[in-house]
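Please open the structure in your viewer and keep the selection panel at hand, since this tour moves from one selection to the next.

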Amino acid sequence: MLVDSHCHLDFPELIANEADVLARMAENGVTHALCVSVKLETLPAVIGLAERHANLFASVGVHPDNADCDEPDEARLLELADHPKVVAIGETGLDYYWHKDAPEWQRERFRIHIRAARRCAKPLIIHTRSSADDTIRLMQEEGAGEPGGVMHCFTETREVAEQALDLGFYISFSGIVSFKNAEALRDVARFVPADRLLVETDSPYLAPMPYRGKTNQPAYARNVAEAVAAARGESLAAIADVTTRNFFSLFKDAKPS
């Protein structure tokens with residue numbers, strides 16, 4: 001039993017083959033998945049997936065990369081998060097890789113998501129890229145440790161992981177952990193306590209080995225778990241068990257089907 005803690009099944013590459021994608025999930029022992037929102041305009045499709053399938057859950061949020069889109073406020077996020085299949089706030093955070101001017105609108109949007117998460121007591125799904133210092137600083141300033149959450153698709157240093165762990169956050173590894181040149185990330189995977197580990201695909205992106213370069217899908221959460229298990233010198237069964245328990249411990253509104 002495995003859970004894909006972060007995927008985008010509403011994206012065109014996957015939604016066009018919805019039945020096949022879900023069938024391959026089942027064949028690979030991936031029993032549940034969290035479909036993560038990236039903008040409010042496409043949220044109905046995300047929630048629709050969760051409504052159609054008992055083993056899928058949804059989040060509500062606006063990705064930091066998205067500039068030309070509906071801008072959320074706390075009231076709107078809280079209204080949308082009240083849906084019974086919505087288990088988290090996000091994907092939110094900071095991304096200075098594509099926005100090298102470190103825009104203030106990104107930071108303000110991130111603060112709004114954290115405040116909404118605190119008010120509705122649902123965990124945060126946090127994205128950070130080329131922005132770790134500011135990401136951690138805003139998490140600390142806004143009390144992100146209160147609702148807690150996950151640093152998704154983690155690619156930062158052990159020091160950043162430690163700061164996030166100190167705030168009570170979980171660390172989620174994607175297919176990047178399986179890449180040949182990712183030994184530093186595997187070191188982080190060895191460092192993270194077992195009770196804070198999660199695995200994800202971030203599909204349709206970042207397919208793990210041996211599928212790198214192809215369209216990713218939740219079935220490949222198994223390959224991510226295998227890479228984490230190998231890095232930690234543990235069995236796939238052990239990593240599957242602990243990451244599944246961690247998922248349902250963090251996302252308390254997600255009920256195993």
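Which handedness does the β-α-β unit made by β4, helix α5 and β5 have? Bear in mind, as you look, that this is a predicted model. Select β4 (86–95) and β5 (124–129), then add helix α5, which covers residues 104–120, and you will have the β-α-β unit on screen, which is right-handed.

Now hide the helix and look at the two strands alone: β4 and β5 pair in the parallel sense, and 5 bridges join them. To find one of these contacts, select Asp-95 together with Arg-129, its bridge partner in β5.

Next, keep β5 and add strand β6, residues 149–151, which runs parallel to β5 and is joined to it by 3 bridges. Here you can select Ile-125, which stands opposite Val-150 in β6. If you then bring in helix α6, residues 132–142, you will see that β5, this helix and β6 also form a β-α-β unit that is right-handed.

Stay with β5 a little longer and display its surface, where you will find the strand mostly covered, with 5 of its 6 residues buried.

Finally, turn to the largest pocket, whose volume is about 510 Å³. Of the 20 residues lining this pocket, select those closest to its centre, namely His-63, Asp-65, Glu-91, His-127 and Asp-202. Both β4 and β5 supply at least two residues of the lining, and β5 gives the most, with 3 residues. Colouring the lining by class will show 7 nonpolar, 7 polar and 6 charged residues.

Terms used. Residues are numbered from 1 along each chain as its sequence is written. This is a predicted model: local features need pLDDT of at least 70, side-chain atom pairs count only at pLDDT 80 or more; totals for chains, interfaces and linings use all residues. Side-chain values use heavy atoms; hydrogens and water are left out. On a 1 Å grid over the protein atoms alone, a cavity is a set of points where a 1.4 Å probe fits but cannot get out, and a pocket is an open set with protein on both sides within 12 Å along at least five of seven lines; lining residues have an atom within 4 Å of a point. Grid points are joined across faces, edges and corners, and a volume is the space filled by probe spheres set on the points. Helices (H or I, at least four residues) and strands (E, at least two) are DSSP runs, numbered from the N terminus. Ala, Val, Leu, Ile, Met, Phe, Trp, Tyr, Cys and Pro count as nonpolar, Asp, Glu, Lys and Arg as charged, and the others, Gly among them, as polar. Buried means under 20% relative accessible area, exposed over 50%, partly exposed in between (1.4 Å probe, protein chains only). Two strands pair if DSSP finds at least two bridges between them. A crossover is right-handed if, with the strands pointing away from the viewer, the path from the first strand over the helix to the second runs clockwise.
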